[in-house]
Amino acid sequence: MLHFKDPSKLRTKKIVFEAVYPAQDSGTLEQLKELSSKRVNVESINENNSITDAIAREMSGGLTSQCEQDIQKLELYLPLLENLVQHVDLIGDDPLVIRWTSDLKIRWTSVLSSSFFFNLMGPRFFQIDNLRFELGIVLFLYGAMLREWASQLLVTDLVQSATLFRKAAGVYSYLAHEVLPSLEGALTPEGPPEATSSVSSVMSFICLAEAQIVTIMKAEEKRSADGLLAKLHYGVVQLFDEATDFFSTAARECKDISPSLMVWDYISFSKGVHELRSYKYMAQALKTDGQIGTAIGLLQHALNNVQKNVGGMESWRTVMKQDIDTVIELLRKYKHENEFVWHEKVPFDDHLPLLQGKKIATCIPYRPERWERTLALKI
């Protein structure tokens with residue numbers, strides 16, 4: 001399975017909530033301090049920490065994976081943040097509240113902007129004076145961390161891996177439809193791509209495609225029928241096609257996002273890999289049904305259309321080369337058998353059957369937790 005981990009590399013600047021929002025009572029002050037304390041842990045994500053693995057494991061209650069530890073930090077912060085957002089929304093039009101939120105100086109980097117790759121002075125921090133920006137980017141990072149953990153579990157637990165990919169897809173879908181649309185008025189075309197609904201939709205469909213890939217891996221272990229595997233692989237292609245459509249929207253909306261970035265390469269490369277695998281399994285199914293001529297035609301068509309000289313990471317190119325070599329060997333075997341046994345006519349492209357897709361991966365809906373605590377600010 002191909003992978004890229006850029007979306008999980010977000011970084012932020014320190015925020016102290018109680019230094020900005022004036023508390024009317026001691027209970028509110030304690031809640032603001034707790035919010036700041038939980039955010040300190042979020043701020044440590046993707047920073048060089050001096051604490052040992054043993055201390056980090058003890059602080060997280062025994063979690064051994066760095067990714068799991070970071071997910072826990074986000075899950076402890078999000079309910080408190082959701083509560084603050086809800087309360088500030090109720091009084092958000094007050095000039096004092098607007099000024100206080102501005103004084104927070106909410107700043108995050110972007111890993112999907114061109115500045116992330118070409119800024120020689122270090123990462124660029126984007127500041128948007130809106131708590132929805134904080135909530136949106138924290139959720140974006142949460143989805144990225146769930147996705148990263150899912151990738152790490154591929155070698156040990158395919159069922160849990162697929163579940164985590166679906167959870168990440170649900171987080172991104174919630175972001176795209178429930179959180180980020182209300183932030184649109186505060187964004188400019190030069191803003192961070194992670195704060196736009198279209199980019200979250202891209203990531204949601206990427207995660208769904210990855211969940212389906214894991215499902216296919218499980219189906220291949222069980223030696224499922226070639227015809228079904230062909231449809232499942234092409235379903236992955238269709239999910240990546242939907243991600244492509246939203247990426248095109250994002251490219252129009254965000255001046256700082258470029259089709260040359262890793263996410264675009266990943267989508268394009270993955271589509272090519274799974275389309276080739278769909279052709280391979282469809283050819284094997286046709287061969288089993290006694291249609292070796294059509295199977296040969298499909299394999300030839302697949303090799304003629306595959307992108308052999310594409311960019312991307314070296315590990316991706318290795319996967320593509322292995323798949324191409326597998327199809328070449330299968331084609332050689334079928335041609336040899338047809339020449340000496342079946343003597344079937346090989347149809348041209350226009351007479352070949354079309355690939356059909358089956359999409360079975362669905363989002364696990366994200367249900368935000370909110371600590372229902374009353375906050376009283378001095379207005």
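Here are four short exercises with worked solutions on a predicted model.

**Exercise 1. Describe how helix H10 packs against helix H12, and decide which orientation class the pair belongs to.**

*Solution.* Two packed helices are described by the angle between their axes and the distance between the axes. Start by locating the two elements: H10 covers residues 262-288 and H12 covers residues 314-342. Their axes lie 11 Å apart, at an angle of about 20°. Next, apply the cut-off: angles under 35 degrees count as roughly parallel. H10 and H12 are therefore roughly parallel to each other. Finally, add the handedness: the crossing of H10 past H12 is left-handed.

**Exercise 2. List residues that make the contact between H10 and H12, and sort the contact by residue class.**

*Solution.* Take the H10 side to begin with: its contributors include Met262, Tyr266, Phe269, Val273, Leu276, Arg277 and Lys280. Then turn to H12, where Trp316, Arg317, Met320, Asp323, Val327, Leu330 and Tyr334 are among the contacting residues. Sorting the contact by class gives 13 nonpolar, three polar and seven charged residues.

**Exercise 3. Classify the ring pair Phe247 and Trp264, and find out which helices the pair links.**

*Solution.* A search of the whole structure gives 10 aromatic pairs. For Phe247 and Trp264, the ring centres are 5.1 Å apart and the planes meet at 40°. Planes under 30 degrees apart count as stacked and those over 60 as edge-to-face, so this pair is tilted. Now place the partners: Phe247 sits in helix H9 (residues 226-253) and Trp264 in helix H10, so the pair ties together parts that are 17 residues apart in sequence. Accessibility comes next. Phe247 is buried, at 3% relative accessibility, whereas Trp264 is partly exposed, at 26%. To round off the aromatic picture, note one cluster formed by Phe4, Phe240, Tyr266, Phe269 and Trp316. Of its members, Tyr266 and Phe269 of H10 and Trp316 of H12 also take part in the helix contact.

**Exercise 4. Work out the surroundings of Thr196 and His301: where does each lie, is each buried or exposed, and which residues does each touch?**

*Solution.* Begin with Thr196, which belongs to the loop between helix H7 (158-179) and helix H8 (197-221). Its relative accessible area is 10%, so Thr196 is buried. Setting aside residues up to four places away in sequence, Thr196 touches Leu180, Leu187, Glu253 and Cys254.

Move on to His301, in helix H11 (residues 292-305). Buried means under 20% relative accessible area, and His301, at 18%, therefore counts as buried. With its neighbours within four places in sequence left aside, His301 contacts Tyr279, Asp349 and Leu352.

Definitions and conventions. Residues are numbered from 1 along each chain as its sequence is written. This is a predicted model: local features need pLDDT of at least 70, side-chain atom pairs count only at pLDDT 80 or more; totals for chains, interfaces and linings use all residues. Side-chain values use heavy atoms; hydrogens and water are left out. Axes are lines fitted to C-alpha atoms, for helices over the stretch in contact, and angles run from 0 to 180 degrees between N-to-C directions. Helices (H or I, at least four residues) and strands (E, at least two) are DSSP runs, numbered from the N terminus. Angles under 35 degrees count as roughly parallel, over 145 as roughly antiparallel, 65 to 115 as roughly perpendicular and the rest as oblique. A crossing is left-handed if the near helix is turned anticlockwise from the far one by less than a right angle, and right-handed if clockwise. Contact means heavy atoms within 4.5 Å. Ala, Val, Leu, Ile, Met, Phe, Trp, Tyr, Cys and Pro count as nonpolar, Asp, Glu, Lys and Arg as charged, and the others, Gly among them, as polar. Rings of Phe, Tyr and Trp (its six-membered ring) pair if their centres lie within 6.5 Å; planes under 30 degrees apart count as stacked, over 60 as edge-to-face and the rest as tilted. Buried means under 20% relative accessible area, exposed over 50%, partly exposed in between (1.4 Å probe, protein chains only).
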